Amino acid sequence: MDRIRIRGGEPLKGQVSIVGAKNAALPLMAAGLLTDETLSLGNLPQLIDIATMANMLNQHGAGVTLDGNGADGYAGRTMSIRTADVTNTTAPYDLVRKMRASVLVLGPLLARCGRADVSLPGGCAIGTRPVNLHIDGLRELGAEVEIEGGYIRATAPRGLKGAEIRFPVVSVGATENLLMAATLAKGETVLDNAAREPEVADLANCLIAMGADIEGVGTERLVIRGTDRLHGADYRVMPDRIETGTYAIAAAVTGGDLELVDTDISLVGAVAEPLAESGVELSETDKGFRVRRNGAGIAGVDVMTQPYPGFPTDMQAQMMALMTVASGASMITETIFENRFMHVPELSRMGANITVHGSSALVRGVPALTGAPVMATDLRASVSLVIAGLAAEGETIINRVYHLDRGYERLERKLAGCGADIERLGD
Ligand code: EPZ
């Protein structure tokens, strides 16, 4: 299994190009099941999770082709999805267990075919992650849903019917599944306390381009008036705000000076404020923005994860890596997932001083980290170890790199391109 070796201490300098957002692309791909015409998605990232979703669409009967070059000369940035007929409404365990986001085919399949059998995704490293909100919402749209043999078995033989749904908890995936389902339901659906994440808005805008009638995009109240059919569209996936934030922190931790291009400073959102407070300067440029320290070291700041527009849980591990070398202490509180501190013991092996009390981690900054062999556990935990390795003295070996390949395109090549001493090692 591949490993990554980093020799820390090199400041990142130059430019990094940010790709399309994984967490926008996955629901957008699922939306390709809603129409018999071609949905063409540009600015697609090249990641294992995208390939897994393409396999899923294939086995439902979609034709999936890759084409086009990105600004970086990489082939296959555009994906065309054409689902003339849905030939199979089952999402099997073998595919769903590889990637939880596979559950996003549930709403589209049910809305288009009146039936869907989707394997329950089960727990995952960061928490139990139930799908009760997806199921309850579809029931409110008139579907009959049973759990049997590890599968969600949903039917709506006479089609789905619009309803007023208020989510008790903000859920990105449940909002996306119900948004897609409601576009083909009869009548009006209201989704209240909907997730406001930019990836949800990206999906809504693509659905509008496909002929859907949606109001309230980007707000917590989405109003969808169902239509009989959607048509094809050409849509460009938004830049990845988590990849953007990750490279911004990598630049800050190494004391570098990096320009992030093909992205936008506004996407850093709630991450910008604590970064500025800790002494990191972000300034807009023509193609994106520039990141560097303001001359002093990194100062400790407190952050708490929240649904958008709060501080994203997908940036918590990276922020913690930065805080390990801050002056002073920082309190990092995780409110979204119950088990998202798996990077803590690994960062501690590199010399970090972190104490966890329930859902909060108290990070006392140390003058320097030291390289060590560490184990990646999930996508964002893994990348926090890369960030720590870039800052550490000596050599860090990161095992189980496949987690990184799920969500960061060409990570080690991008980092090496701006001066990091990093390489991928084979077996
Ligand atoms: C999305 O997951 C992202 N994944 C996650 O990104 C991200 O961490 C998460 O949103 C929060 O921002 C994709 O977009 C593919 P949720 P999702 O439903 O939709 C609870 C990454 O690293 N909940 O918003 O699965 C749930 O347990 C990842 O790229 C229920 O209780 O997250 C959690 O506590 C990992 N019942 C909270 O809601 C449900 O039916 C938010 O989860 C659904 C969710």
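Two strands count as paired here if DSSP finds at least two bridges between them. Keep that in mind for the first stop on this tour of a predicted model.

**Stop 1: a hairpin.** Select residues 144–148, strand β8, together with residues 151–155, strand β9. The two strands run antiparallel and are joined by five bridges. Together β8 and β9 make a hairpin, with two residues between them. Now click on G149 in the turn: its phi is positive, at about 60°. Next, highlight E148 and look across to β9, where Y151 stands opposite.

**Stop 2: a covered helix.** Move to residues 22–31, which form helix α1. How many of its 10 residues are buried? Nine are, so the helix counts as mostly covered. Among the buried ones you will find K22, L26, P27 and M29.

**Stop 3: two helices side by side.** Show α8, residues 241–253, and then add α10, residues 316–323. Their axes come within 10 Å and cross at roughly 5°, and angles under 35 degrees count as roughly parallel. The two helices are therefore roughly parallel to each other. To see the contact, display I242, T246, I249, A252 and V253 in α8 with Q318, M319 and L322 in α10. The residues of this contact divide into six nonpolar, two polar and no charged.

**Stop 4: T246.** Stay in α8 and zoom in on T246. Is this residue buried or exposed? T246 has a relative accessible area of 4%, so it is buried. Leaving aside residues up to four places away in sequence, T246 touches M315, Q318, V383, I387 and Y408. Finally, draw a line from its C-alpha atom to that of H134: the two are separated by 29 Å, and lie 112 residues apart along the chain.

Key:
Residues numbered from 1 in each chain as written. Predicted model: local features only at pLDDT ≥ 70, side-chain atom pairs only at ≥ 80, totals over all residues. Heavy atoms only, no water. Helix = DSSP H or I, 4+ residues; strand = E, 2+ residues; numbered from the N terminus. Buried < 20%, exposed > 50% of the residue type's maximum accessible area, 1.4 Å probe, protein only. Contact = heavy atoms within 4.5 Å. Axes fitted to C-alpha atoms, helices over the stretch in contact; angles between N-to-C directions. Parallel < 35°, antiparallel > 145°, perpendicular 65-115°, else oblique. Nonpolar A, V, L, I, M, F, W, Y, C, P; charged D, E, K, R; others polar.
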